[in-house]
Amino acid sequence: MAEIVGYNGDFNWTGIVDMATSGYHTHTWSLDLVADALDTTDFDSTGWRDFVAGLKGWTGSVELNIDSSARIAPSDVGASAAVKFYLNTSNTLTGTAICTGWHPAVAVDGLETQTLDIQGTGALSPSDA
């Protein structure tokens, strides 16, 4: 089985971080998909806990290098839009997310970087690119 190389990944957040617009250079993204485990243990449990799946949710973060032609604004925090995470050139995950955090950083010996924290609203679905 062939490994998937990371350099074919990308990220698009409609109207805010548009990979088709030069200036946004996504270099890392990560997702955390979780489901609640609801405790259904009762007196008949024989000493072991029982659980059923509850609500699902997801969060993520995206790291970008930004050049002078692109800017994320403080007003983008709280914005909601469609997102697309590219695993490679043909497989993606799509959904809708709210920007819950913006973390710009500048170092004298590095690039201006910006990290976005996002909270998914609803399902995250696989699709073709």
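N8 counts as partly exposed because its relative accessibility is 29% (buried means under 20% relative accessible area, exposed over 50%, and partly exposed is in between, using a 1.4 Å probe and protein chains only). You'll find N8 in the segment before β1 (10-13); strands here are DSSP runs of E with at least two residues, numbered from the N terminus. A quick word on what you're looking at: this is a predicted model, where local features need pLDDT of at least 70, side-chain atom pairs count only at pLDDT 80 or more, and totals for chains, interfaces and linings use all residues. Residues are numbered from 1 along each chain as its sequence is written, and side-chain values use heavy atoms, with hydrogens and water left out.

Back to N8 and its company. Setting aside neighbours within four places in sequence, N8 touches Y86, L87, N88 and T89, where contact means heavy atoms within 4.5 Å. Look a little further along and you reach S90: its C-alpha atom is 9.2 Å from that of N8, although the two residues are 82 apart along the chain.

Now for the aromatics. The structure holds three aromatic pairs; to pair, rings of Phe, Tyr and Trp (its six-membered ring) need centres within 6.5 Å, and planes under 30 degrees apart count as stacked, over 60 as edge-to-face and the rest as tilted. Take W29 and F85, one of these pairs: the ring centres are 4.9 Å apart and the planes sit at 55 degrees, so this pair is tilted. It joins distant parts of the chain, since W29 is in strand β2 and F85 is in strand β4 (residues 80-86), 56 residues apart. As for their surroundings, W29 is partly exposed because its relative accessibility is 22%, whereas F85 is at 0% and so counts as buried.

F85 has another partner in W58. Here the ring centres are 6.2 Å apart with the planes at 85 degrees, so the pair is edge-to-face. W58 belongs to strand β3 and F85 to strand β4, so this pair ties together parts 27 residues apart in sequence. W58 is buried too, as its relative accessible area is 3%. Put F11 together with W29, W58 and F85 and you have one aromatic cluster.

Finally, swing over to T46, in the loop between β2 (24-39) and β3 (51-66). What is the phi of T46, which is not a glycine? It is positive, at about 60 degrees. T46 also counts as exposed, because its relative accessibility is 70%.

Key
Helices (H or I, at least four residues) and strands (E, at least two) are DSSP runs, numbered from the N terminus.
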